[in-house]
Amino acid sequence: MSGVDTYEAPSSRNDSSHWTDNQGHPVQSNFNSESLGSRGPLLLENYHLLEKLAQFHREKLPERIVHARGMAAKGVFEVTADVSDLTYADFLSEVGKKTDLTVRFSTVVHERGSPETMRDVRGFSVKMYTNEGVWDFVGNDIPVFFIRDGISFVDLVHCLKPSPKKHVQEGWRILDFLSHHPESCHILTWLLGDEGIPANYRQMNGFGVHTFKLVTQEGKETLIKWHWLTQQGEKYLTNEEADGTGSGPKKPVTATLDLYEAIEKGDFPKWTLSIQTMKPEEQCDLDFDPLDDTKTWPEDKFPLREVGVMTLNRNVDNWFNDNEVIAFNPGNLPPGLLASDDKMLQSRIFSYSDAQRYRLGANYLTLPINRPHNKMHQNHYDGLMNRTFRDEEVDYFPSRNNKVQDGAPRGPVLQQGQVDGQRKEEIIHKENNFQQAGERIRGFTEDQKKRFLENIMMWMADPKTTPEVRSVWLGFWNECDAAFGKEVREACEKEGLDNSSGAGAADEGPTSHPTL
């Protein structure tokens with residue numbers, strides 16, 4: 001039967017020698033529409049014209065709410081150190097073991113066409129195709145986050161996004177929202193400090209931000225923090241370099257081109273994957289909560305331990321198929337890796353997949369870039385744009401007619417220990433909002449502190465930053481470091497800014513939450 005067994009999915013390797021429409025019909029002319037006479041009108045029966053236009057109207061996806069501008073590349077991860085004492089994860093099981101991967105770097109707040117030289121957090125996500133399923137590392141270039149509870153995530157994004165009235169990002173909106181989140185002081189020492197504008201993707205680090213767990217086959221758990229450390233050396237831009245008034249880049253697409261061109265000429269960038277480890281019983285000895293994503297773990301107490309090296313050695317084959325539709329979720333963890341109880345992480349595990357199902361459809365995980373490379377067996381198919389081929393009659397479990405096994409021999413080890421407690425809506429007990437931010441500030445050189453202060457003042461001096469909000473932030477910076485708080489106050493006075501709260505806001509401390 002003609003055409004039945006010779007079908008191959010459309011691809012560059014399977015093109016016909018002549019032009020066809022979407023259904024494979026030969027096209028007489030792809031220059032001229034079918035019309036009555038040379039001047040028209042057009043005929044509604046002109047199938048090729050209508051399909052061409054209709055396809056064009058639908059060829060763009062809804063933009064990612066965050067991380068819209070991004071750049072993907074492909075490569076390999078190789079284990080360089082033995083971590084079998086911490087985990088039974090197959091892809092980490094032996095030195096020299098290699099795993100294929102795809103990386104997507106991104107800016108966070110602004111639109112798909114925005115400049116890559118803006119002061120913004122950068123996304124750093126890695127999808128590894130392990131023998132036991134996909135591992136999605138979903139991190140940022142800054143090791144901490146703005147907030148610690150996912151219930152505030154929507155509001156955080158709204159305040160960072162351009163104003164809904166004039167579509168311009170405004171500092172007063174950011175300071176207003178974050179004045180209710182003193183834990184954000186720490187990330188601001190990064191975002192408004194010298195590390196706030198990475199020069200490119202090759203020369204920036206990546207951090208897991210959250211606390212995760214490694215687990216052995218016997219159930220021994222270890223708390224960890226992930227670190228991807230660039231081997232190219234870190235590099236950042238000043239405000240002047242970023243906006244083109246200094247010696248920096250003048251083009252808005254610098255990071256994408258830098259990475260693409262480096263890979264094309266064989267200058268393959270590399271990152272070392274390291275971990276910090278903590279025994280669960282050590283949590284009680286700290287003056288902060290190690291599950292708090294607004295905190296780092298001090299490296300003198302929890303030193304880095306090398307795991308392996310990632311090398312990016314191939315650019316994407318197609319920008320849309322490999323960059324626009326790639327989708328990550330921090331809950332994609334193969335056996336040997338576990339999520340922690342971090343409330344922000346727990347929220348993201350739901351949010352990421354839900355967002356991608358809206359953006360890409362129910363079967364987004366069957367797209368080639370998102371598919372695991374190992375064999376699978378499940379009944380999750382049908383629905384919009386199903387790419388799964390199934391010809392069996394049994395599509396349920398269990399069945400005596402289909403002997404697929406339940407309980408894989410190397411199935412995931414479940415979380416250990418008992419979890420119980422009262423239902424509550426309250427903040428964590430060990431907030432310690434200002435210590436690490438203060439340590440960062442005291443570690444700045446005078447020039448670094450001067451630039452940090454200048455960036456803070458761009459928001460503090462915004463005409464719509466109210467005296468009440470300004471007063472709260474003066475209180476925050478004073479809590480972080482009294483000497484620096486004095487500098488911020490003097491800078492405000494020099495600008496002639498009203499620092500009176502009018503409501504005692506600076507003395508209120510962290511926002512309290514009711515307990516049920």
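Is Glu 221 buried or exposed? In this predicted model, Glu 221 is buried, its relative accessible area being 14%. Its salt-bridge partner is Lys 213, and the closest N and O atoms of the two lie 3.1 Å apart. Lys 213 is likewise classed as buried, at 10% relative accessibility. Both values fall under the 20% that marks a buried residue, so neither side chain of this pair counts as partly exposed.

This pair belongs to a wider set, as 20 salt bridges are found in the structure. Another of them joins the side chains of Arg 451 and Asp 194, with an N to O distance of 2.7 Å. Arg 451 sits in helix 10 (residues 446-460), while Asp 194 is found in the loop between helix 4 (185-191) and strand 5 (206-207), so this salt bridge ties together parts that are 257 residues apart in sequence. Here the surroundings are partly open: Arg 451 has a relative accessible area of 30% and is partly exposed, and Asp 194 is also partly exposed, at 23%.

A further salt bridge pairs Lys 424 with Glu 426, whose closest N and O atoms are 3.7 Å apart. Lys 424 is partly exposed, with 43% of relative accessible area, and Glu 426 falls into the partly exposed class at 24%. Salt bridges also link up into a network, which takes in Arg 148, Glu 183, Asp 292, Lys 295 and Glu 431.

Turning to helix 8, the geometry can be checked by simple arithmetic. The helix covers residues 343-360, and at 1.5 Å a residue its 18 residues should span 26 Å; the C-alpha atoms at its ends are 26 Å apart, so expectation and model agree. At the N-terminal end, Asp 342 acts as a cap, with a side-chain oxygen 2.9 Å from the backbone nitrogen of Met 344. Just beyond the other end of the helix, Gly 361 adopts a positive phi of about 105 degrees.

Which residues of helix 8 are buried? They are Met 344, Leu 345, Arg 348, Tyr 352, Ser 353, Gln 356, Arg 359 and Leu 360. An α-helix has 3.6 residues a turn, so residues three or four places apart point the same way. The buried residues of helix 8 pack against several elements: strand 4 (133-140), strand 6 (212-215) and strand 10 (337-339), together with helix 2 (153-160) and helix 7 (319-324).

Technical notes:
Residues are numbered from 1 along each chain as its sequence is written. This is a predicted model: local features need pLDDT of at least 70, side-chain atom pairs count only at pLDDT 80 or more; totals for chains, interfaces and linings use all residues. Side-chain values use heavy atoms; hydrogens and water are left out. A salt bridge is a side-chain nitrogen of Lys or Arg within 4 Å of a carboxyl oxygen of Asp or Glu. Helices (H or I, at least four residues) and strands (E, at least two) are DSSP runs, numbered from the N terminus. Buried means under 20% relative accessible area, exposed over 50%, partly exposed in between (1.4 Å probe, protein chains only). The expected span of a helix is 1.5 Å times one less than its number of residues. Contact means heavy atoms within 4.5 Å. A polar contact is a pair of N or O atoms within 3.5 Å; within protein, one must be able to donate a hydrogen and the other to accept it, and residues adjacent in sequence count only if both atoms are side-chain atoms.
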